[in-house]
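Welcome! Here is a short briefing to help you find your way around a new structure. Take a moment to look at the sequence and the model before reading on.

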Amino acid sequence: MVVMKLCYCQWLVLCYLLLAAVVASKNHGNPADDLVNIINKNRTAQKLSTLSDTPGLGCMALQYVELCKENCTSNNTLECKPSEDDFTEIFAPNCGVELPTIDTITGHIVGCQSKYLEPSLAFSQVLVKDKKSLSLLKNKSHTEVGVGMVGVHKGPFLWCVLFSSGKKNSTFVLEDHGIGIKQKNGCYSGSSIPCNGGQKKSAMWINIMFLGFLFVFHLQLL
């Protein structure tokens with residue numbers, strides 16, 4: 001009987017490791033970078049040039065949704081319009097973007113959802129879901145793009161895409177040799193820092209479930 005219970009415990013451990021591997025594979029990488037790739041694939045499909053993934057612009061996109069994170073309505077509409085001064089007086093300094101390198105923002109797309117969505121779904125269901133946003137995506141004046149996203153505790157997820165007509169490696173430059181200021185929440189495209197967001201909550205729940213199974217198994221052995 002004890003041998004059977006030990007085998008059962010080993011089976012639980014194996015299942016846990018398999019589930020953890022699946023979750024890790026789903027959460028691998030930066031979702032903001034994935035969105036940039038999807039944007040560029042859609043542009044090339046329309047025979048338009050790809051956009052440079054600019055970390056400084058991505059961090060400012062993250063700042064945008066951080067500022068607006070309390071403004072996601074019950075019907076998943078983000079009602080928030082930061083002023084132009086917010087970009088230079090709040091977003092750029094918070095990211096460590098060198099002020100002389102700030103260039104023209106040629107457009108932005110924002111959206112929110114009550115739960116986290118994979119990049120492809122966030123693109124089609126939140127960001128580019130109508131003709132207006134699709135037209136903005138295809139604007140020929142864009143040369144750079146930055147994506148920011150953040151999840152609010154017990155609240156919605158927010159995404160922001162910023163476009164610019166700046167020049168690669170010379171606009172929205174992050175100080176400290178491109179490192180800038182580390183962000184505590186969310187993530188942004190072009191960053192090598194792992195994403196801090198709710199899309200990783202699934203791994204946490206698997207850990208809780210596994211500990212629960214072990215607790216029950218331990219009681220059965222007593």
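The points below cover one residue and then two pockets.

This is a predicted model. A good place to begin is S164, found in strand β4, which covers residues 157-164. From there, we can turn to the largest pocket, with about 520 Å³ of space, and the second largest, with about 230 Å³.

**S164 and its surroundings**
- S164 counts as buried because its relative accessibility is 0%.
- Along the chain, S164 and H142 are 22 residues apart, yet their C-alpha atoms are separated by 5.4 Å.
- Leaving out residues up to four places away in sequence, S164 touches ten residues by name: L57, D103, T104, I105, T106, S141, H142, T143, E144 and F172.
- The side chain of S164 also reaches the backbone nitrogen of G166, at 3.1 Å.

**The largest pocket**
- About 520 Å³ of space lies in this pocket.
- It is lined by 21 residues, and L78, H108, I109, V110 and K132 are the closest to its centre.
- Two or more lining residues come from each of β2 (105-113), α5 (119-127) and α6 (131-137).
- β2 gives the most to this lining, with six residues.
- By class, the lining has nine nonpolar, seven polar and five charged residues.

**The second largest pocket**
- The residues lining this pocket are M60, Y64, K81, P82, E84, F87, T88, I102, D103, I105 and H108.
- At least two of the lining residues come from each of α3 (55-68), α4 (84-95) and β2.
- α4 gives the most here, with three residues.
- This lining divides into six nonpolar, two polar and three charged residues.

Technical notes: Residues are numbered from 1 along each chain as its sequence is written. This is a predicted model: local features need pLDDT of at least 70, side-chain atom pairs count only at pLDDT 80 or more; totals for chains, interfaces and linings use all residues. Side-chain values use heavy atoms; hydrogens and water are left out. Helices (H or I, at least four residues) and strands (E, at least two) are DSSP runs, numbered from the N terminus. Buried means under 20% relative accessible area, exposed over 50%, partly exposed in between (1.4 Å probe, protein chains only). Contact means heavy atoms within 4.5 Å. A polar contact is a pair of N or O atoms within 3.5 Å; within protein, one must be able to donate a hydrogen and the other to accept it, and residues adjacent in sequence count only if both atoms are side-chain atoms. On a 1 Å grid over the protein atoms alone, a cavity is a set of points where a 1.4 Å probe fits but cannot get out, and a pocket is an open set with protein on both sides within 12 Å along at least five of seven lines; lining residues have an atom within 4 Å of a point. Grid points are joined across faces, edges and corners, and a volume is the space filled by probe spheres set on the points. Ala, Val, Leu, Ile, Met, Phe, Trp, Tyr, Cys and Pro count as nonpolar, Asp, Glu, Lys and Arg as charged, and the others, Gly among them, as polar.
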